[in-house]
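Visitor: Please take a close look at one part of this model, the place where the ligand sits, and set it beside whatever side-chain contacts and surface features help to describe the rest.

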Amino acid sequence: MQIGMVGLGKMGGNMAERLRRGGHDVIGYDRDPAISDVASLKELVERLEAPRAVWVMVPAGKPTQTTVDDLGELLDVGDIVVDGGNSHYVDDQKHARELSTKGIGFVDCGVSGGVWGLQNGYALMCGGDKAHVDRLMPIFEALKPEGEDGFVHAGDVGAGHFAKMVHNGIEYGMMQAFAEGWELLEASDVVKDVKGSFASWRTGTVIRSWLLDLLVRALDDDEHLEQLRGYAQDSGEGRWTVQAAVDHAVPMPVITAALYARFASRQDDSPAMKVVAALRNQFGGHAITSAEGSTGKGADSPGADVTPPRESDR
Ligand SMILES: NC(=O)c1ccc[n+]([C@@H]2O[C@H](COP(=O)([O-])OP(=O)(O)OC[C@H]3O[C@@H](n4cnc5c(N)ncnc54)[C@H](O)[C@@H]3O)[C@@H](O)[C@H]2O)c1
Ligand SMILES: O=C(O)[C@H](O)[C@@H](O)[C@H](O)[C@H](O)COP(=O)(O)O
């Protein structure tokens, strides 16, 4: 089958390659001319035979919106657009509506597997009309991992990205659990071989998993992660999961805490903890640590100068 791939980065580039290995005819467009097969989105559309299928694999938000808008102008009745990026599911419903006024189909497809997908295959979570999904099945078959699992037509438009959003929320929670366990083992000197313990857990344990395998791989490169700063970005999926949990009144303490842990990781100093330290000092005379790092003014530090509150302050 022939397909256009827009966005040939870490994901789209490898997906185009996996599709070609699966016997499909892929024409790729990227705004970076060094990796693009064609000079423009217009040329990509012109090179595809109708009815066309175009897979969009660019960052969520503005780049995806612009691409879908442009494709809406360039494509024809009967063509289909697939959004494989990590878009918010509410954007899908908007994109499907806009494209359907021109007779263009839309399928949202959450993709999981990262840079390993080329060799392992990509897990796919689709949303959209059955007729559109059925037409794209040869593409999905080539992208997905071998075997029965790794593909779901999760529901109508938006369901694919909703499933991917929750998958990523779970990913946040699992990673945070491994991270906290690792920190405790490193902090205590009871377990002498932390890396070895993690490595041993890869077989037979309840927590064996691909994330554990990847953590051991990272520890093989840098046993105490000394080359890294404890700083973690997020690209939206965790936030959207927590927002959806609030909308549905579903308690999500683990995923929410994992998301907030990432926010905390980006602070050199915690404004909230300044307030906590200031209040402990105010009510209990407990020691505070100055902005320069010295401990002072408080009963926790020996000989500290604790100023009792004045009668008028009570
Ligand atoms: N990296 C992952 O593990 C992963 C996994 C699943 C899904 N995703 C999602 O897949 C999408 C792509 O991710 P990636 O990791 O390949 O990112 P990337 O930054 O490696 O690649 C994005 C590519 O899109 C191109 N691009 C950006 N705007 C464009 C536009 N308007 N027109 C044409 N090309 C444009 C860029 O030049 C770049 O080559 C994102 O939505 C991401 O969230 C990423
Ligand atoms: O299933 C996957 O392949 C990953 O989840 C993938 O989608 C990507 O690596 C995330 O976008 C990272 O998300 P954060 O930037 O929010 O951690």
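Guide: A polar atom in the side chain of Gln2 lies 2.8 Å from the backbone nitrogen of Glu49, and the side chain of Gln2 is also joined to that of Asp25 by a polar contact of 3.3 Å. Gln2 itself belongs to strand S1, which covers residues 2–6; all of this is read from a predicted model.

Turning to ligand 1, there are 19 residues around it, of which Lys10, Met11, Asp30, Val58 and Asn86 come nearest. Three of these offer polar atoms to oxygen atoms of the ligand: for Asp30 an N or O atom of the side chain is 2.6 Å from a ligand oxygen, whereas for Lys10 a polar backbone atom is 2.9 Å from one, and for Asn86 a polar backbone atom is 3.0 Å from one. Taken alone, ligand 1 exposes 830 Å², and the protein buries 77% of that. By residue class, the shell around ligand 1 divides into 10 nonpolar, six polar and three charged residues.

On the surface, Val275, Leu279 and Phe283 make a nonpolar patch of about 340 Å². Val275 lies in helix H12, which spans residues 271–284. Because patches are made of residues with over 30% relative accessible area, Val275 meets that condition with its relative accessible area of 47%, a value at which Val275 is described as partly exposed.

How values were computed:
Residues are numbered from 1 along each chain as its sequence is written. Chains are lettered from A and ligands numbered from 1 in the order in which they are written. This is a predicted model: local features need pLDDT of at least 70, side-chain atom pairs count only at pLDDT 80 or more; totals for chains, interfaces and linings use all residues. Side-chain values use heavy atoms; hydrogens and water are left out. Patches are made of residues with over 30% relative accessible area and no salt bridge: like charges are joined within 9 Å, nonpolar side chains (Val, Leu, Ile, Met, Phe, Trp, Tyr) within 5 Å. Accessible areas come from the Shrake-Rupley method with a 1.4 Å probe; for residues, only the protein chains shown count as cover. A salt bridge is a side-chain nitrogen of Lys or Arg within 4 Å of a carboxyl oxygen of Asp or Glu. Helices (H or I, at least four residues) and strands (E, at least two) are DSSP runs, numbered from the N terminus. Buried means under 20% relative accessible area, exposed over 50%, partly exposed in between (1.4 Å probe, protein chains only). A residue is near a molecule or strand if one of its heavy atoms lies within 4 Å of it. A polar contact is a pair of N or O atoms within 3.5 Å; within protein, one must be able to donate a hydrogen and the other to accept it, and residues adjacent in sequence count only if both atoms are side-chain atoms. Ala, Val, Leu, Ile, Met, Phe, Trp, Tyr, Cys and Pro count as nonpolar, Asp, Glu, Lys and Arg as charged, and the others, Gly among them, as polar.
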